[in-house]
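I set out to look up the charged side-chain pairs of this structure and how open their partners are to the surroundings. My entries follow below the display.

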Amino acid sequence: MDGYLADNNHNLEWLYQTGTIEETGYESFYKSMDITIMGKRTFNEIENIESVGSLYPTTRNYVFTHAESLSAKEFIPINCDVVEFVKQLEKDKNVWIVGGNTILAPLLDNHMVDNIIIQIAPVLLGEGIPLFSQKEGLKRFNLEEVKKYGQFAELIYSKI
């Protein structure tokens with residue numbers, strides 16, 4: 001609830017203890033996505049999941065990393081500027097920034113985020129990795145919808 005995505009050690013255990021994907025609208029959301037983009041720390045968090053290769057089966061999955069290869073062939077390593085990379089993607093594709101803020105912040109700074117979906121868990125971490133870390137500057141969004149899934153509140157915003 002206090003705006004932190006993970007604790008100081010990038011741990012998400014608090015999230016797994018709060019609820020499951022089945023308690024959210026994840027399935028219909030994912031079906032609308034064409035591409036996922038994540039940082040290496042996010043990939044590290046999911047790579048030990050059993051059948052990680054089938055986690056995002058219908059999307060092209062990119063991981064921003066300095067590594068030349070990854071442990072799952074379904075994830076494509078990318079080593080370039082995230083803004084330039086996203087600019088070259090097809091305009092009609094839905095792109096999900098899975099995590100984290102080092103990927104999201106430059107896109108927000110360059111006004112390249114059309115929608116933000118935030119799920120809020122009833123947890124206060126007190127400190128940790130912030131969800132948002134873009135440069136100072138006003139960014140306005142319009143609240144489109146509020147949903148409740150189990151213990152999660154979901155806020156859906158669109159760019160004004």
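**Notebook: salt bridges**

Entry 1. I began with a pair in one helix: Lys 31 and Glu 27 both belong to helix H2 (residues 26-31), where four residues, about one turn of the helix, separate them. I note that the model is predicted.

Entry 2. I then looked up the contact itself and found that the side chains of Lys 31 and Glu 27 form a salt bridge, at 4.0 Å from N to O. Side chains of opposite charge can pair when their charged atoms come close.

Entry 3. Are these two partners buried or exposed? I found Lys 31 exposed, at 64% relative accessible area. Glu 27 is likewise listed as exposed, because its relative accessibility is 57% and the cut-off is over 50%.

Entry 4. I asked how many salt bridges the structure holds. The count is six, and I looked up two further ones, given below.

Entry 5. Glu 74 pairs with Lys 73 in a salt bridge whose closest N and O atoms are 3.0 Å apart. For Lys 73 I read 73% relative accessibility, which counts as exposed. Glu 74, at 29%, counts as partly exposed.

Entry 6. I turned next to helix H4 (residues 82-87), which contains both Glu 84 and Lys 87, three residues apart, about one turn of the helix. Their salt bridge has its closest N and O atoms 3.6 Å apart. I recorded Glu 84 as partly exposed at 47% relative accessibility, and Lys 87 as partly exposed with a relative accessible area of 44%.

How values were computed. Residues are numbered from 1 along each chain as its sequence is written. This is a predicted model: local features need pLDDT of at least 70, side-chain atom pairs count only at pLDDT 80 or more; totals for chains, interfaces and linings use all residues. Side-chain values use heavy atoms; hydrogens and water are left out. Helices (H or I, at least four residues) and strands (E, at least two) are DSSP runs, numbered from the N terminus. Buried means under 20% relative accessible area, exposed over 50%, partly exposed in between (1.4 Å probe, protein chains only).
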